[in-house]
Amino acid sequence: MANEAKKQIWLHLADVNPIPLSVNPSEEEQCRRAEELVNSLWDRWMRQFAEKGSSSEVLARVAFRFAQLYYNEYAANRGVNDFLKKFEKELDSIVVDV
């Protein structure tokens, strides 16, 4: 919704100070879910890597992992989009021939 009033929320990520964010109310649930996923992975990896790195290093690992997941999904979606474009062209040529 273009006219939706922004809402101020605070994200609590890892052990950094809360981060203010202005979002549309319809986006808050998605932001909260992302916050939960980041914190869940950070908590797990802090227990696993506590002696090997600082909190900020573990948070950097979490950020990198989410970036990997994003890129993998982006690449997969690009492949599907390329396939659909090719399929659409073939379908158009069949319809034109009929």
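This is a short tour of a predicted model, moving from a salt-bridge network to a long-range look at one helix and its surface.

**Stop 1: K7 and E28**

Start by selecting K7 and E28 and showing their side chains. They meet in a salt bridge, with N and O 2.5 Å apart. Colour by secondary structure and you will see K7 in strand 1 (residues 7-11) and E28 in helix 1, so this pair ties together parts that are 21 residues apart in sequence. Now switch on a surface. Which of the two ends is buried, and which is partly exposed? K7 is partly exposed, with a relative accessible area of 35%. E28 has 19% relative accessibility, and because buried means under 20%, E28 counts as buried.

**Stop 2: along helix 1**

Keep E28 selected and add R32. Their side chains form another salt bridge, at 3.6 Å from N to O. The two residues are four apart in helix 1, which puts about one helical turn between them. R32 itself is partly exposed, at 28% relative accessibility.

Next, add E35. What does its side chain pair with? E35 forms a salt bridge with R32, and the closest N and O atoms are 3.2 Å apart. Both residues belong to helix 1 and sit three residues apart, about one turn of the helix. An α-helix has 3.6 residues a turn, so residues three or four places apart point the same way. E35 counts as buried, at 11% relative accessibility.

With all these side chains on screen, trace the connections: shared partners join K7, E28, R32 and E35 into one network. The structure holds four salt bridges in total.

**Stop 3: helix 2**

Now select residues 55-97, which make up helix 2. If you like a quick check, put a distance between its end C-alpha atoms: they are 63 Å apart, which agrees with the 63 Å that its 43 residues should span at 1.5 Å a residue.

Where is helix 2 buried? Pick out S55, V58 and V62, which are its buried residues. Then bring helix 1 (28-49) back into view, as it is included in what covers them.

**Stop 4: the nonpolar patch**

Finish by selecting V80, F83, L84, F87, L91 and V95 and showing their surface. Together they form a nonpolar surface patch with about 580 Å² of accessible area. Zoom in on V80, one of these patch residues, which is found in helix 2. V80 counts as partly exposed, at 46% relative accessibility.

How values were computed: Residues numbered from 1 in each chain as written. Predicted model: local features only at pLDDT ≥ 70, side-chain atom pairs only at ≥ 80, totals over all residues. Heavy atoms only, no water. Patch = residues over 30% accessible without salt bridge, like charges linked within 9 Å, V, L, I, M, F, W, Y side chains within 5 Å. Areas by Shrake-Rupley, 256 points an atom, 1.4 Å probe, with all protein chains shown as cover. Buried < 20%, exposed > 50% of the residue type's maximum accessible area, 1.4 Å probe, protein only. Expected span 1.5 Å × (residues − 1). Contact = heavy atoms within 4.5 Å.
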